[in-house]
Amino acid sequence: MSKANPLTYCLLVTGPTYGTSQSASAYQFANALLEEGHILKCIFFYQDGVLNGNTLTSPATDEFDLIKAWRKLAQESGCEMNICVAASLRRGITDEEQAQALSLPAYNLSEGFVMSGLGSLAEAMLTTDRTIQF
């Protein structure tokens with residue numbers, strides 16, 4: 001496809017921030033498709049992929065900060081970064097609203113990520129040209 005005929009994309013990230021290459025590959029793919037003039041409508045983080053939204057993740061200073069990179073990509077591209085609420089809660093990640101509802105002492109969802117259900121993924125898959133899973 002050329003820049004004259006851009007496609008819309010949804011990325012489904014199921015790999016953790018660190019430990020596998022899934023999330024880093026998704027990030028590189030997202031940048032490449034944006035460079036080619038395509039539209040990244042949303043990224044849905046599911047299963048262990050929800051770990052990409054944990055603000056408490058702290059890589060070593062000489063390592064690439066993938067969570068910070070995701071936030072920057074979303075700000076620059078305008079894409080939504082949805083994170084599965086059920087998978088997040090199972091892995092100890094919550095936003096302020098969920099923390100209050102569950103009487104938890106704190107929340108740790110990184111800025112720029114939005115907790116949502118699988119309905120958001122289904123809608124994105126129906127309204128984009130391509131869905132790619134990492």
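Two strands pair if DSSP finds at least two bridges between them. That rule applies throughout these views of a predicted model.

**View 1. Strands β1 and β2 lie side by side in the parallel sense.** β1 covers residues 8-13, and six bridges link it to β2. Leu12 stands opposite Phe44 of β2. Between the two strands the chain passes through helix α1, residues 22-35, in a right-handed β-α-β crossover.

**View 2. Strand β2 is largely enclosed by the rest of the structure.** β2 spans residues 39-45. Five of its seven residues are buried, so little of the strand is left open. Buried here means under 20% relative accessible area.

**View 3. Strands β2 and β3 also pair in the parallel sense.** Four bridges join β2 to β3, which holds residues 80-84. Phe45 stands opposite Ile83 in β3. The chain gets from β2 to β3 through helix α2, residues 66-77, and this β-α-β crossover is right-handed.

**View 4. Five strands make an open, parallel sheet.** Their order is β4-β3-β2-β1-β5. β4 (114-116) and β5 (130-133) are at the edges with a single partner strand each, so one side of each has no neighbour in the sheet. On average, neighbouring strands are turned by 25° against each other, direction ignored.

**View 5. Strand β5 pairs with β1, and helix α1 packs on the sheet.** β1 and β5 share four bridges in the parallel sense. Tyr9 stands opposite Arg130 in β5. Helix α1 touches β1, β2 and β5, and its direction makes about 170° with that of β1.

**View 6. Helix α5 lies across five strands: β1, β2, β3, β4 and β5.** α5 comprises residues 118-127 and runs at about 150° to β2.

Terms used:
Residues numbered from 1 in each chain as written. Predicted model: local features only at pLDDT ≥ 70, side-chain atom pairs only at ≥ 80, totals over all residues. Heavy atoms only, no water. Buried < 20%, exposed > 50% of the residue type's maximum accessible area, 1.4 Å probe, protein only. Right-handed = clockwise from strand over helix to strand, strands pointing away. Axes fitted to C-alpha atoms, helices over the stretch in contact; angles between N-to-C directions. Contact = heavy atoms within 4.5 Å.
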